[in-house]
Amino acid sequence: MFIMNATTSGAPLALFWVALTLTLLTAVPVTALWYLMRRHGRLEQQLKDLRAIHGFAGRIGRSLDLEEIGEMAISEASRILRADFALLAVVAAGAETQVFTTDDSPQIAHEMTSADWLSLIHDASVVALTGAELAASGFTGFAGCDHALAARVNDDIGTMGVVIMTRQNPSTTEFETCDVDRARSLADHLAESLRRSLLHRQMQYEARHDALTGLPNRTTLQRHLAAASIENVDQQNRYVMMMDLDRFKEVNDTLGHHAGDELLIEFTRRITNQLGPTDFLARLAGDEFAVVTVGHSEDDVIQLAHACVDAAAQPVTLNGLQLVVTASIGIAEISANASDPETALRHADIAMYNAKSRHAGVEVFRSELDRRTPARLSMLGDLRRSLDDGELSVAYQPRLDLATGLITGAEAFARWNHHARGSVPPKDFIRIAEDTGLIKQLTDTVLAQGIVELRHFHNTGHQLSLSVNLSTHDLLDANLAARVGHYLSQHGVNPGSLTLEIAESSLPIEAYRSRSTIQELHELGVHLAIDDFGTGYSSLKDLRQLPVSELKVDQSFIVNMLIDQQDEVIVRSTIALGHNLGLEVVAEGVESKQVLQQLHDLGCNVAQGYAVSRPLDAERFATWLCAGPHPSRRFDLTESGDLEFTTEQQLTPLAAPQFV
Ligand code: C2E
Ligand code: MG
Ligand code: MG
């Protein structure tokens, strides 16, 4: 019975054990299989992810374009991390924050600064964020979302950006540890590409901008001009203004480059303040700036240019010194049918140089101003040949000592008689000579011929002095004093008989090289005169510092001094100023005896002009001189008749001067 019972009750139990054992026996392989499959699935997913990340790295690695990299990064990040939304904020130093999102309308409540973005992730490279944290940082629309990952995009150099990925859909699962790894790996690959792209962008920026002022440079201006020409073919009102600071070099030479840089930055600030939002300002080189304006009339542009000149002329403090540095502006129209935008720049440049030399502040380009015409180029070739062939001659204009009525000297002027053009005025060929470096040869020609003539005057009993004009370029020639000394000693002429004239407008007050040349000439014993006085900017201090012995009042004040009271006051006070400084005062451009008389009465020392004689060639000058009693011709203010030199006058002996 017991056996029976035990068998009956044990059978189900045994069956159960058997079933359990069997169940267990099947569950183990099933679980193992499930585990293996899951592991395989994960490995496969990891492999897929790896492939995806690898593919991503390859794709963004091919691009240098930040826009392309940004767009690609967010679309790939959202795909690889199965995010509903992805965002990349590029916060690289020195550039504006740039945000890329998978959504067209970024859900950012306010302008987030770089610091705001970086505050999302402090130290860790990848962090999980809550919706509340995102909202606190300035995001909206994430309040209900608890699944967000933020990764810093950084390399050894620094942080370049932040990537944020969110899973907003409540049905999606939260980010896991493996997602953090993916995000990290993604951010690392992105960092490499982003760095390359940012460096490229920086190089491009530097290639197109000026490092000191941050303004676009010449290359960018040229592109802008080209684009403006294409986009606005019908647009007539397009102008370019070329600006240049007057005497910037002197600021650099005297106060140092640091002060020069400060001046340029201040100038940029002042000009920027005058411009409208569509005006384009660029720095071309040194103290050269350009503005392109579109849609303004010529009058408006002229007005704008004057406003810029006025703004620039406000005093500026550099190294504790208050200075006034003026600017010159040239304006040229960007013609719709100009062959290239460079033409407008060249025209504006020409107008600007004209404004500078005339001290006009602003000048609009006219074709007459263009000195680089084919005619001018052919003239340059002719001038070079004439100089080589010794065809340039010298004319002499007598200088009358107003106290004694004696001719005590002469000024030498270069004369060029062109075979086809006839007599070319010095103002035309001197500029060509200055622009092309021929001026050195020209000055040498005048000096050499003049000194030979001076020797001749002395030999014939006329103890005259000779004045020769110099150009600023001559003063930059370190050998000038040596050459002058050589010509003088070659002909046994006393250096005290030679005066070198420097126009006031080109007076290099502080330029070191010019000053040392001036000093060497002074030490040699030649006299120095300031020509065209009243047209430049020299101050009393400049006059006292330079070893000058003569002031030549500019002829523009002399011509009308009898009818224009202001001119008369200027002449009168310049004479007083010169005398107070111990200088001899010379009036040039004296065309009438009345003016001669007036100058004599005002105490002016020397007069030059058609009233005495026009410039004459050496031979005629010698004859003219000999027409009066030796040792030098006396000049009679009571002489009647034609004031210009005539053959008759040559032969008429002159009476003693009578200044009545
Ligand atoms: P500047 O040195 O001030 O010379 C005075 C100019 O006025 C000369 O003109 C002269 O011929 C002219 N002139 C003289 N008397 C009168 C007058 O009564 N009325 C008027 N209206 N004009 C008068 P030019 O010879 O045409 O020379 C013009 C300028 O060219 C000179 O001005 C000087 O700056 C420059 N120049 C002339 N020769 C040379 C030279 O050999 N070397 C350099 N570097 N410059 C020269
Ligand atoms: Mg002169
Ligand atoms: Mg003069």
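In this predicted model, Glu411 stands opposite Ser467 in strand E16. The strand that carries Glu411 is E14, spanning residues 406–418, and E14 pairs with E16 (residues 465–470) in the parallel sense over four bridges. On from there, E16 is joined by five bridges to strand E17 (residues 498–503), the two again running parallel, and within this pairing Leu466 stands opposite Leu498 in E17.

Glu411 also takes part in metal binding, as one of the residues that coordinate the magnesium ion written as ligand 2. The donors of this ion are Glu411 (OE), Asn469 (OD1), Glu501 (OE) and Asp531 (OD), at 2.0 to 2.2 Å, and along the chain they follow the spacing E-x57-N-x31-E-x29-D. Because Glu411 lies in E14 and Asp531 in strand E18, the pair ties together parts of the protein that are 120 residues apart in sequence. Both Glu411 and Asp531 are buried.

Which residue bridges the magnesium ion (ligand 2) and the magnesium ion (ligand 3)? Asp531 does so, and the two ions lie 4.1 Å apart. For the magnesium ion (ligand 3), the protein donors are Asp531 (OD), Asp532 (OD) and Glu588, the last of these listed with two OE entries, and they lie 1.9 to 2.5 Å from the ion. Their spacing along the chain is D-D-x55-E. Asp532 belongs to strand E18 (residues 527–533), whereas Glu588 sits in the loop between strand E20 (584–587) and helix H20 (593–602), so that this pair ties together parts that are 56 residues apart in sequence. The two residues can be set against the 20% limit under which a residue counts as buried: Asp532, with a relative accessible area of 23%, is partly exposed, while Glu588, at 7%, is buried.

Residues that coordinate the ions also appear around ligand 1, which is surrounded by 22 residues, the closest being Asn469, Asp531, Gln555, Glu591 and Tyr610. Three polar contacts of ligand 1 are set out below.

| Residue and atom | Atom of ligand 1 | Distance |
|---|---|---|
| Ala414, polar backbone atom | nitrogen | 3.2 Å |
| Asn469, polar side-chain atom | oxygen | 2.8 Å |
| Asp532, side-chain N or O atom | oxygen | 3.0 Å |

Asn469 therefore has two roles, since its OD1 atom is a donor of the magnesium ion (ligand 2) and a polar atom of its side chain lies 2.8 Å from an oxygen atom of ligand 1. Asp532 likewise serves as a donor of the magnesium ion (ligand 3) and places a side-chain N or O atom 3.0 Å from an oxygen atom of ligand 1.

Helix H20, at the far end of the loop that holds Glu588, has as its buried residues Lys593, Val595, Leu596, Gln597, Leu599 and Leu602. These residues pack against strand E13 (393–401), helix H18 (555–559), helix H19 (565–580), E20 and strand E21 (606–607). Just after H20, Gly603 takes a positive phi of about 90°.

Finally, the cysteines may be considered. A disulfide is a covalent bond between the sulfur atoms of two cysteines, and a search of the whole structure finds zero of them. Cys604 is buried, with a relative accessible area of 5%, whereas Cys626, at 42% relative accessibility, counts as partly exposed.

Technical notes: Residues are numbered from 1 along each chain as its sequence is written. Chains are lettered from A and ligands numbered from 1 in the order in which they are written. This is a predicted model: local features need pLDDT of at least 70, side-chain atom pairs count only at pLDDT 80 or more; totals for chains, interfaces and linings use all residues. Side-chain values use heavy atoms; hydrogens and water are left out. Donors are N, O and S atoms within 2.8 Å of the metal (3.2 Å for Na, K and Ca); water is not among the atoms, so sites may look incomplete. Buried means under 20% relative accessible area, exposed over 50%, partly exposed in between (1.4 Å probe, protein chains only). Contact means heavy atoms within 4.5 Å. A disulfide is a pair of cysteine sulfur atoms within 2.5 Å. Two strands pair if DSSP finds at least two bridges between them. A residue is near a molecule or strand if one of its heavy atoms lies within 4 Å of it. A polar contact is a pair of N or O atoms within 3.5 Å; within protein, one must be able to donate a hydrogen and the other to accept it, and residues adjacent in sequence count only if both atoms are side-chain atoms.
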